[in-house]
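The following exercises are to be worked with the sequence and the coordinates at hand. Each task is followed by a solution in steps.

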Amino acid sequence: MHGHEWDETDAAGPAPGGASVRLDGHRLVPLATALLQEDGLILHWSEDAEALLGFSSEEAVGSYAAQLLTGRTDRPEVLALFERIMSGKGWSGVFPVRHRDGHVVELEFRTYPIAGPGGTLLLLATASDTQALHRVEADLAVLDGIFGQSPIGMAVYDTDLRYVRLNLALARMNGVPVEDHLGRRISGVLPGINSAEIEQTMRQVLTTGRPVVDARSHGRVPGDPRRDRAWSASYFRLEDSTGRVFGVCSSIIDVTERFQAEARAARAQERLTTIAEATARIGTTLDLQRTAEELIEAVVPRFADFATVDLLEPVLRGAEPAAIPEDRSVQLRAVAVGESYESGLVHAVDTVGDVSEYAPDRSYTQCLRSGRPLLRAQVDEDVLRGLVATEERVAPGIGAGIHSYLMVPLTARGMVLGGSEFIRMRNPEPFTDADVALAEELVARTAIAIDNARLYRRERETALTLQRSLLPQEIHRTLGLEIAYRYLPSSMTSEVGGDWFDVVPLSCGRVALVVGDVMGHGIRAAATMGQLRTVARTLATLDMPPEQVLTRLDETASGIGEGQFATCICAVYDPLERTVQVASAGHLPPVSVAPDGTARRIDVPPGAPLGVGGVAFESIGFTLPEGGLLALYTDGLVERRGQDLDDGIDLLARTLSGPGRTLEENCDAVLGALVTDGTDDDIAMIMARVLPLPSDRIATLSLTGGGRLPGTARRFTRATLDGWGLSALSDYAELLVSELVTNALLYSDTPRRLRLFRDRVLTLEVADSGGQTPQLRPFAEQDEGGRGMFLVNELAQRWGSRLTRDGKVVWAELELPFGTG
């Protein structure tokens, strides 16, 4: 037993009856109270006393304390204690008492003598379990140790989220003394952090009771006002065993370094993502401007608020740019401009297509000359003045809010192609060295794609020039036939094709229509096309029938090289007979349209493509009446992905059958119907319509009557030419006709017809039933004959012969006098 006497100065007063000891403002230890008479009779027994000692109030009240709590009244130490207590002075100390179940409980007592009714002396006694007190003291010591020694910031907040307690670690972390926190909310102590977000989290914890771990906060505190910091906080609700809520407790760790590392990693990841997405986006086509636009789309608004791409003029022409001299200005054309919002900055830069000239001493020019990036992390009026091409662009730039600028030259294969500018306005972060590295990566990829587009453009222009030079530059007028054509290079593929067409004037007013398609694309296909077209034109002018033309073309294609195949169709039209002979080498069938609008395919024996070698070709003949139309075309006109080829040919036939259109209108109608969204292949198309022959351009004499035929032919010729106003040619024409008729009499015995035909030249032709073509043979001076065809060869501008179904035709041409064609 130990204790001491004390008076009212030792404490503000006893705890209320039935209450508990409160340590640091919290209910922690039950406090038993009892009221005793001077003789030790118990007058009052609290609920905590019942809980602490097991005796109910009914058992205790009216009993003597010494007997109830010790079981004996004759113990000297008990009697002596009661005498001291009842002497009128307070006492405190530890005394063992008996629990109702028999075990001993060490209690710490405090007694308070008080005056009762009538001046009687009463005693108020309070008692607590010493073990419980020791445990609470130990817990408080641990808590004080944690608050005082922990390097982690800790704080307790009441239900209004005001600081109630915090440790020195948190005070140092905030740079604010402990006492300046107490009674204030976070927003009042730390206005530079995201306090609203933090308090919202704390209210959630108060309301739900669910702890929150690793809640991030950030900002600047009074202890470090120039640097952004970051913290990780965990929050849990404070409540007692009855569920009464006292507030929120938090533990806070400074994670600034980790936050910065995470931010750097996030930025690095974002850069990698930007590069990956830009790699997939930039260079998807071989179009130079589209490639520049793809760079703009990749960086705005993720990387910059505004961006431009400008190229040197030679690059746009497909040429290689020269090095920029030290003393010369440089001209650039804007090819792409983009912005994330309407900033007004468009007034300070070129619009697409505009050209700007930068003086030799401008920063832009020097950057291009060096090939190295130009970074201006902070931009003011003076800095901007050194960047723009002209002074009047400074004010709009400042007005738009430019605060950071980066320019990276477009460099590929050691050549500077132009420059790309990146500008930040709303984005508050200035460009950094890491941004320069990212921009260099993106611009380098763009430069390679642009240079590929430049090289492709140059190659394509070369191929197109070659292709155009190999196509007919002029379609000669043909008597009795109206001709229209279209040629469209592919709008989808990146290379030129090998499609071609030709209109070849032949003897006697006839014309050969040829359409072909070399398989494949590129310069090689165009070159092959040129060779085949040249050979076809030469063969046709030799009066070969269409099937023989294709046979020789097949031999030519086989000799060009392995894998060079082509389809071709050749049709020869005779305006005098209005007949067509046509042969095909694997080509699509022609379409004919009758004068009444009825359209049909011409079933031509298909044949094999040119280049297969050793294949026989076959021609068919048909009549094309006056007003009839014939269309030849390549597969680019009728072939579409996902559609049957026959559907395209049927649509072509239906379109051509439309009434009341001219030939040119027919061409436009066909393209409008069949080429709606571009084509994967080149398109070549010829349309020919039969016209009536003028009566003053053709004259025919039937040759019958034996040996007097040459004289009859001469007189007919002179009379005809006089009627046509061509008397100047009569002498030559009579002589030529006489020799041609005589030759027919000598070598075929059955001349059939003399025909005079005036078109671009005057044609004299004699048809006979013989199958032997005339030849120039050497002759001696003493020979009486053999000079006829030699004379024809000397007098005629051109002469020849061709076989027909019932014999042959021998013809000669005379050039018309100027102005009589």
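**Exercise 1. Cysteines**

Task: Determine how many disulfides the structure holds, and state whether cysteine 570 is buried or exposed.

Solution.
Step 1. The model is a predicted one, and it holds zero disulfides.
Step 2. For cysteine 570, the nearest cysteine sulfur belongs to cysteine 568, at 6.5 Å. A disulfide requires sulfur atoms within 2.5 Å, so cysteine 570 is in no disulfide.
Step 3. Cysteine 570 has a relative accessible area of 2%. Because buried means under 20%, cysteine 570 is buried.
Step 4. Cysteine 667 is likewise counted as buried, at 0% relative accessibility.

**Exercise 2. The chain as a whole**

Task: Summarise the secondary structure, burial and contact range of the protein chain.

Solution.
Step 1. The chain comprises 22 helices and 34 strands.
Step 2. Of its 821 residues, 46% count as buried.
Step 3. Take the contacts between residues at least 6 apart in sequence: 62% of these join residues at least 24 apart.

**Exercise 3. Geometry and packing of helix H18**

Task: Check the length of helix H18 (residues 645-656) against its expected span, and establish where its buried residues lie.

Solution.
Step 1. Helix H18 has twelve residues, and at 1.5 Å a residue it should span 16 Å. The expected span counts one less than the number of residues. The end C-alpha atoms are 17 Å apart, which agrees.
Step 2. The buried residues of H18 are Gly648, Ile649, Leu652, Ala653, Thr655 and Leu656.
Step 3. Viewed down the axis of H18, these buried residues fall within an arc of 165°, and therefore line one face of the helix. An α-helix has 3.6 residues a turn, so residues three or four places apart point the same way.
Step 4. The partners of the buried residues are strands E25 (591-593), E26 (599-601), E28 (629-633) and E29 (683-690), together with helix H19 (663-674).
Step 5. At the start of H18, the backbone nitrogen of aspartate 646 has a side-chain oxygen of aspartate 644 within 2.9 Å.

**Exercise 4. Nonpolar cores**

Task: Identify which residues of the largest nonpolar core touch the most other members, and list the contacts of valine 309.

Solution.
Step 1. The largest nonpolar core has 61 residues, of which Phe303, Val309, Leu311 and Phe422 touch the most other members.
Step 2. The greatest contribution to this core, eight residues, comes from helix H15 (residues 433-470).
Step 3. With neighbours within four places in sequence left aside, valine 309 contacts Ala292, Leu295, Ile296, Arg333, Ala334, Val335, Ala336, Leu410, Gly419 and Ser420.
Step 4. Another core lies apart from it, with 27 residues, including Leu729, Val766, Ala812 and Leu816.

**Exercise 5. Two buried helix residues**

Task: Locate valine 792 and alanine 733, and state what each touches.

Solution.
Step 1. Valine 792 is part of helix H22 (residues 788-795) and counts as buried at 1% relative accessibility.
Step 2. Residues up to four places away not being counted, valine 792 touches Leu736, Glu739, Leu740, Trp799 and Ala812. Its C-alpha is 9.9 Å from that of serine 738, although 54 residues separate the two in sequence.
Step 3. Alanine 733 belongs to helix H21 (residues 730-747) and, at 0% relative accessibility, counts as buried.
Step 4. Beyond neighbours within four places in sequence, alanine 733 is in contact with Thr717, Leu721, Leu764 and Leu814.

Notes. Residues numbered from 1 in each chain as written. Predicted model: local features only at pLDDT ≥ 70, side-chain atom pairs only at ≥ 80, totals over all residues. Heavy atoms only, no water. Helix = DSSP H or I, 4+ residues; strand = E, 2+ residues; numbered from the N terminus. Buried < 20%, exposed > 50% of the residue type's maximum accessible area, 1.4 Å probe, protein only. Arc of directions from axis to C-beta. Contact = heavy atoms within 4.5 Å. Polar contact = N/O pair within 3.5 Å; in protein donor to acceptor, adjacent residues only side chain to side chain. Core = buried A, V, L, I, M, F, W, Y, C linked by side-chain atoms within 4.5 Å.
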